[in-house]
Amino acid sequence: AQEALDVILAELRRLTRHGITQTELDRCKIRLKSSLVMAQESTGVHAGRMAADYNIFGRVRSLQEILDRFDSLSLDEVNEKIAEYPIGPLRMVTLGPSELDIDSDLLG
C-alpha cells in the first residue's frame, strides 16, 4: 500500500508540473475511442450517452462527431487545461492495519 500511494502521489505531482506526453495522450485517445465504440453495443449505455448529450448540448451528437473531436484534441490543449486546473491541494485518509507515510510536499 505504501509503494502504491507513493507512486500515485509522485505521478500526480509530475502531471501537475509537466503535463502529459504525446504517448500518454495517444494511449488515452485509443482507450476512450475503443470504450465509446464498444459502449454502442449496450442499449443502456448508448441511451445514457444520448441523454447526457441532449442535456449538455441540447442535441445528440453522432458517434463520428465525438470520435472526430477526440482526434482533433491536441497535446497543447490538454496540457493547457492541466495547467489551468492543477491537482491539489489533496486531503487524504487511509485505512488499514499499518499507518502509511504521506509526504506532505506531495499533497500540495
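Contact here means heavy atoms within 4.5 Å. This is a predicted model, in which local features need pLDDT of at least 70, side-chain atom pairs count only at pLDDT 80 or more, and totals for chains, interfaces and linings use all residues. Residues are numbered from 1 along each chain as its sequence is written, and side-chain values use heavy atoms, with hydrogens and water left out.

**Figure 1. The whole protein chain has five helices and zero strands.** Helices (H or I, at least four residues) and strands (E, at least two) are DSSP runs, numbered from the N terminus. From that end, the elements run α-α-α-α-α. The radius of gyration is 18 Å, well over the 13 Å that the globule rule gives for 108 residues, so the chain is more spread out than a compact globule. That radius is taken over C-alpha atoms, and the globule rule is 2.2 Å times the number of residues to the power 0.38. Along the principal axes, the C-alpha atoms fill a box of roughly 50 × 35 × 25 Å. Take the contacts between residues at least 6 apart in sequence: 66% join residues at least 24 apart.

**Figure 2. The surface of the protein chain has an accessible area of about 8,100 Å².** Carbon and sulfur atoms account for 57% of this surface. Areas come from the Shrake-Rupley method with a 1.4 Å probe; for residues, only the protein chains shown count as cover. Of the 108 residues, 16% count as buried. Buried means under 20% relative accessible area, exposed over 50%, and partly exposed in between (1.4 Å probe, protein chains only).

**Figure 3. Asp53 is a buried residue of helix 3.** Its relative accessibility is 3%. Leaving aside neighbours within four places in sequence, Asp53 is in contact with Gly58, Arg59, Val60, Arg61 and Ile66. The side chain of Asp53 also meets that of Arg49 in a salt bridge (3.2 Å, N to O). A salt bridge is a side-chain nitrogen of Lys or Arg within 4 Å of a carboxyl oxygen of Asp or Glu. Both Asp53 and Arg49 lie in helix 3, four residues apart, about one turn of the helix. Arg49 is buried, as is Asp53.

**Figure 4. Met50, Tyr54 and Val60 form a nonpolar surface patch.** Together they have about 280 Å² of accessible area. Patches are made of residues with over 30% relative accessible area and no salt bridge; like charges are joined within 9 Å, nonpolar side chains (Val, Leu, Ile, Met, Phe, Trp, Tyr) within 5 Å. Tyr54 is found in helix 3, residues 43–57. Tyr54 counts as exposed because its relative accessibility is 55%.

**Figure 5. Arg69 and Glu77 pair through their side chains in a salt bridge.** The N to O distance is 3.3 Å. Arg69 is partly exposed, at 42% relative accessibility. Glu77 is partly exposed too, with a relative accessible area of 30%.

**Figure 6. Glu84 and Lys81 form a salt bridge within helix 5.** The distance is 3.4 Å, N to O. Helix 5 covers residues 75–84. The two residues are three apart in this helix, so about one helical turn separates them. Glu84 is partly exposed, with a relative accessible area of 46%. Lys81 is also partly exposed, at 46%.

**Figure 7. Glu11, Arg14 and Glu24 are linked in a network of salt bridges.** Side chains of opposite charge can pair when their charged atoms come close. The count for the model comes to eight salt bridges.
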